[in-house]
Amino acid sequence: MSVRVLILGGGGREHALAWKLSQSPILDHIYVCPGNAGTNQVPKSSNIDNILPDDFPGLVTFALKHEITLVIPGPEQPLVDGVEAFFRRVGIPVFGPTALAARMEGSKAFSKDFMARHNIPTAVYKTFKTSEMASAIDYIKTCGHRVVLKASGLAGGKGVIIPETTEEAIAGLNEIMVANVFGDAGNEVVVEELLTGPEISVLAISDGYSIVTLPTAQDHKRVGEGDTGLNTGGMGAYAPAPIATTEILDRIMKETLRPTIDGMRKEGFPFLGMLFTGFMLTPSGPKVLEYNVRFGDPETEALMLLLADDVDFAALLLACAEHRLDSVPLTFKEGASVTVILAAQGYPGKYEKGKKITFGDIPSGVMIFHAGTKQVGGDVVTAGGRVLAVTAYAPTLQDALNAVYAGVDQVSFEGKTYRRDIAHRAINSGLEKPAGMTYAQAGVSIDAGNALVDAIKPLVRATSRSGADVEIGGFGGVFDLKATGFKDPVLVSGTDGVGTKLRLAVDVGIHDLVGIDLVAMSVNDLLVQGAEPLYFLDYYGCGKLDVSVATQVVKGIAEGCKQAGCALIGGETAEMPGMYQEGDYDLAGFAVGAVERNQLLPRGDITSGDVILGVASSGIHSNGFSLVRKIVSSAGIPYSSPCPWQPEMELGRALVEPTQIYVSQILPVAKRGLLKGMSHITGGGFIENIPRVLPKHLGCYVDASTWDLPPVFRFLMKHGNVDPMEMARTFNNGIGMVLIVGAAEVEEVVKLLQIGPSAVYRVGEVTETPGVEMRNVLAWVA
């Protein structure tokens with residue numbers, strides 16, 4: 001196999017890539033457009049200086065003529081402009097993403113919204129268009145934290161302003177939105193929370209499925225030593241960064257890289273190429289600063305020297321472009337690599353070009369990668385702001401630093417500017433005592449817990465009733481039973497969860513409705529004993545607390561409590577790293593009610609001939625979802641597809657329809673003494689649940705033809721080929737509550753129940769034969 005590569009770009013990054021690619025045994029030739037004075041000197045390499053880098057049709061014609069096997073865009077602009085599609089149309093693989101995927105760098109507003117959708121850790125933010133200047137100023141004044149201003153579009157790595165004060169922030173907005181200092185890149189501005197902590201760069205190769213990370217790097221954006229002065233494209237870098245521990249890298253993969261690659265694929269713009277992500281290592285963990293969709297510069301220069309000598313870089317990038325990244329090994333050298341940028345005087349502002357560069361005796365282990373240079377006659381002269389990237393590898397970081405600065409001393413040109421403190425963070429950290437560990441570093445965020453309490457307080461207050469003040473935050477919930485007016489009360493309690501319906505809710509991203517289910521499962525159980533629900537407590541367990549998700553769950557719990565007339569007086573939120581898969585959580589509920597002693601159900605006078613009334617369910621309720629999920633999965637029907645019996649709604653949303661809470665409809669009837677017993681039709685269906693309320697010597701029949709089987713159950717029967725009797729012992733089949741009524745009271749009871757929201761049917765009678773006889777179940781398949 002013979003590979004011909006076309007590299008787009010002309011900086012130090014492209015020189016470093018060409019240098020490593022030239023060592024591949026399968027490489028035939030490298031073409032670099034436009035290249036520089038260094039790329040032209042790489043073995044098997046030549047520059048293209050007669051085609052402009054943004055002339056995509058011209059480059060395609062060149063590639064076809066010269067039988068190019070792989071295209072590697074260096075900078076972000078051609079990727080954002082859609083260069084990948086030009087070559088894909090003629091069958092030439094590109095190591096780089098589509099224009100849709102390149103939006104992750106091309107629009108910071110887009111990438112921040114993507115992170116929000118996929119719960120990827122990042123700074124709190126809001127975006128504003130230039131027409132929303134007043135709103136942006138108001139946000140800065142009221143957000144309560146220091147901010148960073150980012151031009152949403154591409155600004156050559158310089159579109160960031162970090163103001164010290166509110167006044168500076170407003171001035172920065174004027175610069176971006178009014179003075180247009182970043183041009184069109186500033187047509188939309190991201191205003192985000194200022195994160196604090198050390199920064200690292202993580203470069204990861206992905207073919208849309210597999211992810212392979214390179215050693216972490218730290219770059220130096222500011223032009224001046226001690227991280228002072230203006231932002232630049234980067235004044236140096238070193239790798240690996242000692243601060244990026246195995247634990248941190250595991251979190252980055254689990255919390256950011258894997259959700260990013262999977263999320264992009266699921267949203268229809270899979271990523272292929274180099275995902276270069278900047279992270280801030282905050283006290284609560286790594287958070288994304290920004291995505292880039294290409295090799296970093298100057299990180300790439302340092303990283304190329306860390307690739308093991310036997311790594312076939314051309315084979316690796318070609319395998320990635322052909323979606324078989326896991327077929328080529330990638331290994332690294334032990335040791336460290338450092339890059340120091342030599343810049344033109346005045347950079348990143350105005351600077352002169354054309355200064356002659358001279359090279360002395362370059363030490364062993366040091367590479368000089370050309371960035372802004374060109375050949376003029378027999379001389380190499382400066383042709384950009386960042387001129388050269390002096391890079392060294394050594395067994396230790398200190399040895400690499402000694403070598404790289406020895407190399408810097410052997411390069412001369414007028415106005416040579418560079419930083420003398422590259423890798424100062426790593427060197428200084430080695431002299432400092434390690435910081436003490438925190439609970440947040442262990443994965444438990446007290447701040448997130450407090451934020452959740454603040455978010456749900458108004459929801460909880462809305463459940464207030466006599467006997468409870470519903471102010472959460474104490475060690476225990478208090479309820480004043482005397483205030484409810486009971487004379488001779490018996491307390492009734494119940495606890496339950498929502499089963500594997502929770503798995504479905506997580507998968508479809510609908511979290512508030514299962515909160516209603518959680519309340520319903522317990523309060524409906526209280527109701528069957530004639531009890532009025534008084535108060536409710538919940539348990540929420542997770543591996544990592546997502547405040548927005550937990551708030552939605554509690555919102556549903558509060559709604560369920562309001563429907564049941566009970567107070568939400570407390571609960572427990574447990575954040576337990578390592579106990580749950582990412583994004584998963586668990587729920588449990590506990591309800592307490594009261595009933596006057598003489599109204600406790602079931603009564604002892606249930607007898608043969610009593611009538612069984614069925615009160616309609618709202619859907620599947622909260623039982624049988626292991627079978628539901630299996631049926632839907634086996635049928636190959638996505639949850640996002642239109643619901644067959646309700647096309648205006650997605651199937652997933654229809655399946656998570658919350659359990660009906662029957663308190664308001666049935667409790668008043670029970671308090672009148674008109675009911676002999678009730679049965680909540682949950683797991684086990686009619687077969688298992690009705691006998692629980694009957695004397696042991698009695699049974700009943702249920703006539704399945706007396707109500708219409710709801711379409712959701714017909715769907716499950718059809719796609720799961722479920723036998724009718726199996727349906728009867730698994731699901732509620734449209735009847736969520738069964739009432740036992742004396743024959744003389746049936747008419748009155750039905751009339752009272754018909755005032756409520758759920759339909760009522762006469763479905764059977766109590767008999768002298770124990771058990772449940774299901775009649776006419778074949779009507780369900782008619």
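These exercises work through the fold of one protein chain, from its overall layout down to single side chains.

This is a predicted model; local features need pLDDT of at least 70, side-chain atom pairs count only at pLDDT 80 or more, and totals for chains, interfaces and linings use all residues. Residues are numbered from 1 along each chain as its sequence is written, and side-chain values use heavy atoms, with hydrogens and water left out.

**Exercise 1. Overall layout**

Task: Describe how the protein chain is divided into domains and what box its C-alpha atoms fill.

Solution.
- Step 1. Read off the domains: domain 1 (3–101), domain 2 (102–327), domain 3 (339–429), domain 4 (442–596) and domain 5 (610–780). The bounds come from an automatic or database domain assignment.
- Step 2. Take the principal axes. Along them, the C-alpha atoms fill a box of roughly 110 × 55 × 50 Å.
- Step 3. Place two of the domains. Over C-alpha atoms, the centres of domain 2 and domain 5 are separated by 53 Å.
- Step 4. Count the elements. The protein chain has 24 helices and 35 strands. These are DSSP runs numbered from the N terminus: helices are H or I with at least four residues, strands are E with at least two.
- Step 5. Check burial. Of the 782 residues, 55% count as buried. Buried means under 20% relative accessible area, exposed over 50%, and partly exposed in between (1.4 Å probe, protein chains only).
- Step 6. Check the contacts, with contact meaning heavy atoms within 4.5 Å. Among those between residues at least 6 apart in sequence, 75% join residues at least 24 apart.

**Exercise 2. The six-stranded sheet**

Task: Work out the order of the six strands in this open sheet, and state which strands stand at its edges.

Solution.
- Step 1. Recall the principle. Strands of a sheet pair through backbone hydrogen bonds, either parallel or antiparallel. Here, two strands pair if DSSP finds at least two bridges between them.
- Step 2. Write the order: 31-33-28-34-32-35, with mixed pairing.
- Step 3. Find the edges. Strand 31 (677–680) and strand 35 (771–775) each have a single partner strand, so one side of each lacks a neighbour in the sheet.
- Step 4. Add the twist. Neighbouring strands are turned by 25 degrees against each other on average, direction ignored. Axes are lines fitted to C-alpha atoms, for helices over the stretch in contact, and angles run from 0 to 180 degrees between N-to-C directions.
- Step 5. Look inside the sheet. Strand 28 (residues 611–616) and strand 34 (residues 760–767) pair in the antiparallel sense over five bridges. Val-615 has Val-760 of strand 34 as its bridge partner.
- Step 6. Add the helix. Helix 24 (residues 746–753) lies across strand 28, strand 33 (735–741) and strand 34, and runs at about 5 degrees to strand 28.

**Exercise 3. The four-stranded sheet**

Task: Which strands stand at the edges of the open sheet 10-9-15-16?

Solution.
- Step 1. Note the pairing of these four strands: antiparallel.
- Step 2. Name the edges. They are strand 10 (211–213) and strand 16 (285–292); each has a single partner strand, so one side of each is left without a neighbour in the sheet.
- Step 3. Give the turn between neighbours: 35 degrees on average, direction ignored.
- Step 4. Inspect one pair. Strand 9 (residues 199–206) and strand 15 (residues 273–282) pair in the antiparallel sense over eight bridges. Ile-205 stands opposite Met-274 in strand 15.

**Exercise 4. Rings and charges**

Task: Which parts of the chain does the ring pair Trp-645 and Phe-715 tie together, and is each residue buried or partly exposed?

Solution.
- Step 1. Set the rule. Rings of Phe, Tyr and Trp (its six-membered ring) pair if their centres lie within 6.5 Å; planes under 30 degrees apart count as stacked, over 60 as edge-to-face and the rest as tilted. The count comes to 16 aromatic pairs.
- Step 2. Start with Tyr-405 and Tyr-418. This pair is tilted, at 6.3 Å centre to centre and 40 degrees between the planes. Both Tyr-405 and Tyr-418 are buried.
- Step 3. Turn to Trp-645 and Phe-715. They are tilted too, at 5.4 Å and 55 degrees. Trp-645 lies in the loop between strand 29 (642–643) and strand 30 (646–650), and Phe-715 in helix 22 (residues 711–720), so the pair ties together parts 70 residues apart in sequence.
- Step 4. Compare accessibility. Trp-645, at 25%, counts as partly exposed; Phe-715, at 6%, counts as buried.
- Step 5. Add the charge. Arg-420 lies over the face of Tyr-418, 4.6 Å from the ring centre. The rule asks for NZ of Lys or CZ of Arg within 6 Å of the ring centre and within 35 degrees of the ring normal.
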